[in-house]
Amino acid sequence: MKCFLRYVGDPGFQVTFNFCENESAFIHCLIHPQVGVGEDLGVHQTTVCKTIWSVCKAIVDKSAEWIHFPNTAVEMEQEKKSWQRKYRFPSAIGAIDCTHILIKRPGNYKDEFVNRKGLNSFNVQATCNATEQFTSVDCEWAGSVHDARIWRNSDIFDIIQDNASGALLLTDEAYPLTPWMMKPYRDPVTSSQKMLNVIHTRERVIIERVFGQVKQRFPILQSKVRVKTEKNPRMIAACFILHNAAKYLNDRDFELDETTTYDIAVPASTVIENTALQRGQKRRDAIASYLLGDHVC
């Protein structure tokens, strides 16, 4: 575990500079950060590689124990109560968003991983709850894929859709408006609409804050994950799982400087079932009226 944490916490950059004898050796260590980890811990590079991936696999195998999206009425009611203890948006059980994790240039399917900023990445979708723990993570998608498409193909799509508890997630413009996916008004006019936008923005930012925490806690996610393309999802998932474990153990939080993130906005989805949109608009209006009345009281 020490070897794995050393790798994801500081992937060899600082240490390799101290140990490398010349510029070419330093560049080699930057490309193969496990060399620096080996130098730091006094073990061979091969041992470092084997240890990193055996520990990574063991962590991901425990994912169901550490990352769980509520899928029963009882669990959703518990999450709604947890949200209401800290926040104001009614029926919310969390927030959802995507973040880009940069990777080295893939050998195959190169264009598939190029995001809208021209960088190679994985587009990772996640949800979090009021305790700043991830409740779902989907890290299998290439950087060119839009948030809305990832959402439609995710496991939690069917769980949250028309759920009996009326639970909802707070979203941004990348997602469609439905009764169970609440996003702000694009052009608020009335006092109630403006109030909803203020509260929605203030509370939905939790998912961005949690993304910042996991990237700061595991700096390998900040710069560029230099592993084989097919191994990236496992490495990313392991870091998200360990974030939840750290939260459970009350480990100190880390906040990421916003200027170093690589979150990329995507166009809003225009393909949506009209009835779901209309129901979403109606429910959003009802929530806006409720929030305004609650604020006045």
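1. The chain folds into 12 helices and 5 strands. This is a predicted model. The chain has 297 residues, and 50% of them are buried. Its accessible surface is about 14900 Å². Carbon and sulfur atoms account for 51% of that surface.

2. Take the contacts between residues at least 6 apart in sequence. Of these, 70% join residues at least 24 apart.

3. How are the strands ordered in the sheet? The order is β3-β2-β1-β4-β5. The sheet is open, and its pairing is mixed. The edges are β3 (134-142) and β5 (181-182). Each has a single partner strand, so one side of each has no neighbour in the sheet.

4. Look next at the β5 edge. Here β5 pairs with β4 (residues 168-170) in the parallel sense, over 2 bridges. L169 sits opposite M181 of β5.

5. Two helices to check against the sheet are α7 and α10. Helix α7 (residues 73-86) packs on the sheet and touches β1 (92-102) and β4. The direction of α7 makes about 85° with that of β1. Helix α10 (residues 191-217) also packs on the sheet. It touches β1, β2 (121-128), β3, β4 and β5. The direction of α10 makes about 45° with that of β1.

6. Which residues make the nonpolar surface patch of about 380 Å²? They are W66, Y248 and L249. L249 lies in the loop between α11 (232-248) and α12 (274-296). Is L249 buried or exposed? L249 counts as exposed because its relative accessibility is 65%, and the cut-off for exposed is over 50%.

Key
Residues are numbered from 1 along each chain as its sequence is written. This is a predicted model: local features need pLDDT of at least 70, side-chain atom pairs count only at pLDDT 80 or more; totals for chains, interfaces and linings use all residues. Side-chain values use heavy atoms; hydrogens and water are left out. Patches are made of residues with over 30% relative accessible area and no salt bridge: like charges are joined within 9 Å, nonpolar side chains (Val, Leu, Ile, Met, Phe, Trp, Tyr) within 5 Å. Accessible areas come from the Shrake-Rupley method with a 1.4 Å probe; for residues, only the protein chains shown count as cover. A salt bridge is a side-chain nitrogen of Lys or Arg within 4 Å of a carboxyl oxygen of Asp or Glu. Helices (H or I, at least four residues) and strands (E, at least two) are DSSP runs, numbered from the N terminus. Buried means under 20% relative accessible area, exposed over 50%, partly exposed in between (1.4 Å probe, protein chains only). Contact means heavy atoms within 4.5 Å. Two strands pair if DSSP finds at least two bridges between them. Axes are lines fitted to C-alpha atoms, for helices over the stretch in contact, and angles run from 0 to 180 degrees between N-to-C directions.
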